[in-house]
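Here are my notes on this model, as numbered points. Please read them with the structure open.

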Amino acid sequence: ADNLSDALKKLKITTTDSTADSLEGCLDCLLQALAQNNMETSEKIQKSGVLQVFGSLLTPQSSCTAKVANIIAEVARNEFMRNPCVDAGLIPPLVQLLNCKDQEVLLQTGRALGNICYDSHEGRNAVDHAGGAHIVVDHLRSLCSKTDPASEKLLTVFCGMLMNYSNENDTLQSQLINMGVIPTLVKLLGIHCQNAALTEMCLVAFGNLAELESSKEQFAYTNIAEELVKLFKKQTEHDKKEMIFEVLAPLAENDVIKLQLVEAGLVECLLEVVQKTVDSDKEEDIAELKTASDLMVLLLLGDESMQKLFEGGKGSVFQRVLLWIPSNSHQLQLAGALAIANFARNDGNCIHMVDNGIVQKLMDLLDRHVEDGNVTVQHAALSALRNLAIPVVNKAKMLSAGVAEAVLKFLRSEMPPVQFKLLGTLRMLIDAQAEAAEQLGKNVKLVERLVEWCEAKDHAGVMGESNRLLSALIRHSKSKDVIRTIVQSGGIKHLVTMATSEHVIMQNEALVALALIAALELVTAEKDLENAQLVQILHRLLSDDRSAPEIKYNSMVLICALIGSESLQKEVQSMAFLEVVSKLRSHENKTVAQQALLTEQRLAVES
């Protein structure tokens, strides 16, 4: 401790009039003390005011420069020392040293700057201000191909410095991307794949940058997919695989890179990981299984990559994924169902899968999760069934396979994501299927649940889908029994509210359903239509210039149907509809103009 105090005192007076030897001795003493107790020594250095002295010692000519930079690197390992280093004005002279040729000086300077930037806003700003990142990126470019140990060590330090400099800072990350650091880092990874420390630094740097959209476009022009897959194949340690996964996940969000990863053989690697970890109960294996299967699902989100793996339903990857669904692992069941939902993104694939028995597998899976089931698995299986039900030819096949009954078992669910998918699946199934729509529309339990969900104000998606299914049951069944069930369950007011939706498609669906109600069961629904103020709403829709032509057309059709009720007719007469309708006779849309003429005639007769 006495030696340290002496050294600090000497250093304060040394800068002006001391020999290089005595200076070296003081610096060695500081380094020794830092090696023994970094924190305590750093505190003493701060209190002594020596930091300010260091700035003048950081000159390319001095033989002590590397030692001074080393001391700064050591003290900056402590969080409380980073701002004092900035305040002492050490950043500009350190950045200047990046221009020197001496490898040891460059190494220690890179360390010092990297440590000062670590989790320090002030440190990063100062380095940015002094233009440090630019010089470091240039060094990476010029050293990139050198494989001697000293150069690799320097490359590792510089990668680390850039990583600390840009970590969690979008502006600085964008700056590095604009400097073109990505192709350089990818090249580094390829050339130095045998160097574990450098590889690791590259991966962390990629992880840092890959979150930004602009970076993905640059990555897509490199051979990153190939390099990462090559690296992944060599890994045996869980931590290393995890690091590569952390880079792959954000990159795989880009469709171009998705396809590159598929072509580079990533899928085979992932399937292998799944096979090795599926029966293990080790925590790290479970984590690896999850990451690998999630990544697989992500790769299937790209249309090209998905089609490549489907291979007309003959693809080995598609076949392997089918085996995940009956698996005992919830994670694989989930991934399998999500993968099927992704494969089911075009009609050809859907038709092929339904013809080859996928529906039964998904229903069996749902069956395993009816009682206190896994919500994510329920949601995924329902998503897959919903997508499969989109092609017209699949609807009847899926209905006769019992999909509607399987889905209805989840009516009790209190989980909005499950409710949302359940509603969507039923709506797809009954599209243009009159018999099924009638059967479901007479199911009082279902209709009552729909009416309840039409009021789920906290969950707009569930509310919207419930309204749409309610309307679909009427539109596709055109059944008096269905209308009576919906009236008895209190569904009319929701259909009237739906006619005021901000989405034209929903408004239209509501108006068509209400027109059918008025045509088929006006007496039964009369009171509810009155209470829901349907006539006022129609007046508003017809008067509003922003209403779409089909909304105006269907509103007039509905008005003509409502006149059949005495009380509703009175309301229509009291609201000067004739005036609004006669204006629409000159509407630019021919169908609207024609309907306006017919409606005007009906209203004139009734008045």
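1. A residue counts as buried when its relative accessible area is under 20%. Phe310 has 2% relative accessibility, so Phe310 is buried. Keep in mind that the model is predicted.

2. Which residue forms an edge-to-face aromatic pair with Phe310? The structure holds five aromatic pairs. One of them joins Phe310 to Phe318. The centres lie 4.7 Å apart, with 65° between the planes. That angle is over 60 degrees, so the pair is classed as edge-to-face.

3. Phe318 is also in a second pair, with Phe343. Here the ring centres are 5.1 Å apart and the planes stand at 85°, so this pair too is edge-to-face. The contact links distant parts of the chain. Phe318 sits in helix 22 (residues 316-324). Phe343 belongs to helix 23 (residues 330-343). The two residues are 25 residues apart.

4. Buried or exposed: what are Phe318 and Phe343? Both are buried. For Phe318 the relative accessible area is 4%, which is under the 20% cut-off, so Phe318 counts as buried.

5. Taken together, ring pairs link Phe310, Phe318 and Phe343 into a cluster.

6. On annotation: the unreviewed UniProt entry records "repeat: ARM" for residues 89-131 and 357-389. In the model, residues 89-131 are 74% helix and 0% strand. The end C-alpha atoms of that stretch are 15 Å apart. Residues 357-389 are 76% helix and 0% strand. There, the end C-alpha atoms are 14 Å apart.

Terms used
Residues numbered from 1 in each chain as written. Predicted model: local features only at pLDDT ≥ 70, side-chain atom pairs only at ≥ 80, totals over all residues. Heavy atoms only, no water. UniProt positions renumbered as here; feature names shortened; annotations may be inferred. Helix = DSSP H or I, 4+ residues; strand = E, 2+ residues; numbered from the N terminus. Phe/Tyr/Trp six-rings, centres within 6.5 Å; stacked < 30°, edge-to-face > 60°. Buried < 20%, exposed > 50% of the residue type's maximum accessible area, 1.4 Å probe, protein only.
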